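Work through the following exercises with the sequence and the structure at hand, and try each task yourself before you read its solution.

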Amino acid sequence: MSRSSHPRAPITSPAAARVFTLVLTQGPVSRVELARRTGLSSAAVTKAARPFIDTGYLEELASEERTGPGAGRPASPLAIRPDREFFIGIKITGDDLIGVVTDLRTDIRHSLHHPLAGHDVDHVVGAVAELVEQLLDSGDYCERTHCLGVAISGDVDRESGLVRYSPFLGWHDVALADLLEVATGLSTTVENDVKALTVAEQWFGDGVGATTFALVTVGAGIGSGLVVNNGLVLGAYGVAGEIGHVPVSQAGPVCHCGGIGCVEAIAGTSAILERAQAVTGQPDLTIGQAVERARGGDQAVRQVFAAAGHAIGLGLAALANLFGPERIVVSGEGVEAFDLFEDQIRETFARQVFGSADRCGLTLRPLPFEAWARGAAAVAVQTLFAPLTL
């Protein structure tokens with residue numbers, strides 16, 4: 001795949017990265033406003049922006065008239081050209097791969113699903129490479145696609161691309177980024193799936209403009225990504241934000257992590273299903289059937305969801321009390337049944353949150369699977385335009 005005909009983005013300094021990412025995430029923005037927000041001089045902003053304009057990543061929009069005393073000459077806002085470069089994002093689950101092609105703003109241009117027949121490393125790497133080829137062949141993307149982002153559940157070292165542990169795949173210490181760069185020819189970034197989704201929200205979603213916020217995902221697992229002072233919190237050992245393993249009940253149940261009474265042991269999908277099967281006496285009950293029964297008025301099953309909502313609310317309150325986010329977004333496939341536990345989440349959160357932390361906004365919304373792959377693409381965008389070393 002030849003990509004030499006399209007010069008790459010000229011990220012040559014922290015100033016260039018700041019200017020570009022501000023236009024990318026909050027543009028169009030005038031040079032005057034860029035100088036104000038970044039603290040750079042007008043000359044420094046112009047110097048940083050010019051190479052992006054020359055290589056087609058930024059464009060100047062029509063002048064805007066400025067009014068008021070001392071308004072000066074009209075401003076020409078800078079805006080992103082979204083189709084200047086494309087990115088591949090892939091979410092790896094235990095059952096399949098979800099892949100997307102996105103533009104610079106991570107708007108999805110194309111998506112595909114690919115089943116996984118096995119979990120061995122060679123098979124997964126081959127399946128990802130095949131999916132990448134299919135995505136690139138789906139449109140005029142090849143020459144302008146250089147970067148691949150991969151999101152995977154578990155303990156991931158983004159800087160090295162090492163998957164230390166992935167419970168759903170049974171992996172330990174897999175150098176996934178290196179393997180995929182060889183297999184696909186794309187510069188590859190691997191990140192924990194929840195952290196990747198948090199990056200997408202921080203740059204292009206509900207987190208835009210918030211210096212401190214949290215994303216909490218509810219589904220097969222329960223996790224969170226934390227942003228503090230505009231930076232994603234990685235933690236000393238890469239496991240920050242494990243809200244699913246905050247203990248909220250001394251009475252149990254036992255969690256797969258070995259702990260007692262974790263949020264995930266009460267409110268994860270499998271935990272809800274096991275409890276619903278127990279209270280109905282139907283070991284073959286599915287989660288969909290449990291939702292239907294609860295919505296149909298089965299009080300025993302409704303109580304299972306209420307208990308899950310209570311546990312999630314306790315976890316959210318602990319998170320708010322610990323670092324005081326401006327807002328918390330609760331999402332994930334489990335939120336599709338949010339009507340069954342939203343009241344308990346909000347009531348518990350309001351009761352347990354401390355002091356001014358109750359000003360934290362709380363948003364609940366479902367999450368399509370493609371959003372996880374979009375998060376992977378967002379990590380690839382972030383790695384290119386705002387390297388961790390800057």
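**Exercise 1. Find which helices the buried residues of α8 pack against, and check the length of α8.**

Solution. In this predicted model, begin with the residues of α8 that are buried, namely Ala271, Ile272, Leu273, Ala276, Gln277 and Thr280. Next, look for their surroundings: these buried residues pack against α7 (263–267), α9 (287–295) and α10 (299–323). For the length, note that α8 covers residues 269–280, which makes 12 residues, and that at 1.5 Å a residue it should span 16 Å; its end C-alpha atoms are 16 Å apart, so the expectation and the model agree. Finally, move just past the end of α8, where Gly281 takes a positive phi of about 70°.

**Exercise 2. Decide how many disulfides the structure holds, and explain why Cys257 is not bonded to Cys255.**

Solution. The count of disulfides is 0. To see the reason for Cys257, take the closest cysteine sulfur, which belongs to Cys255 and is 3.6 Å away; a disulfide requires sulfur atoms within 2.5 Å, so this distance is too far for a bond. Cys262 is in no disulfide either, and its nearest cysteine sulfur, that of Cys257, is 3.8 Å away. As a last step, consider the surroundings of the two residues: Cys257 counts as partly exposed because its relative accessibility is 45%, whereas Cys262, at 3%, counts as buried.

**Exercise 3. Describe how β8 is joined to β7 and to β9.**

Solution. Start with β7 (residues 155–157) and β8 (residues 162–166), which run antiparallel and are joined by 3 bridges. Within this pair, Asp157 stands opposite Leu162. The two strands form a hairpin with 4 residues between them, and Gly161 in the turn has a positive phi of about 80°. Continue to β9 (residues 171–174), which also runs antiparallel to β8, again with 3 bridges. Here Tyr165 stands opposite His172, and the hairpin of β8 and β9 has 4 residues between its strands, with a positive phi of about 70° at Gly170 in the turn.

**Exercise 4. Give the strand order of the open sheet of 5 strands, and name a helix that packs on it.**

Solution. The order is β5-β4-β3-β6-β10, with mixed pairing. The edge strands, each pairing on one side only, are β5 (108–115) and β10 (187–192). Inside the sheet, β3 (residues 86–92) and β4 (residues 96–102) pair in the antiparallel sense over 6 bridges, and the bridge partner of Lys91 is Ile98 in β4. Helix α12 (residues 369–385) packs on the sheet, touching β3, β4, β5, β6 and β10, and its direction makes about 130° with that of β3.

Notes
Residues are numbered from 1 along each chain as its sequence is written. This is a predicted model: local features need pLDDT of at least 70, side-chain atom pairs count only at pLDDT 80 or more; totals for chains, interfaces and linings use all residues. Side-chain values use heavy atoms; hydrogens and water are left out. Buried means under 20% relative accessible area, exposed over 50%, partly exposed in between (1.4 Å probe, protein chains only). The expected span of a helix is 1.5 Å times one less than its number of residues. Contact means heavy atoms within 4.5 Å. Two strands pair if DSSP finds at least two bridges between them. Axes are lines fitted to C-alpha atoms, for helices over the stretch in contact, and angles run from 0 to 180 degrees between N-to-C directions.
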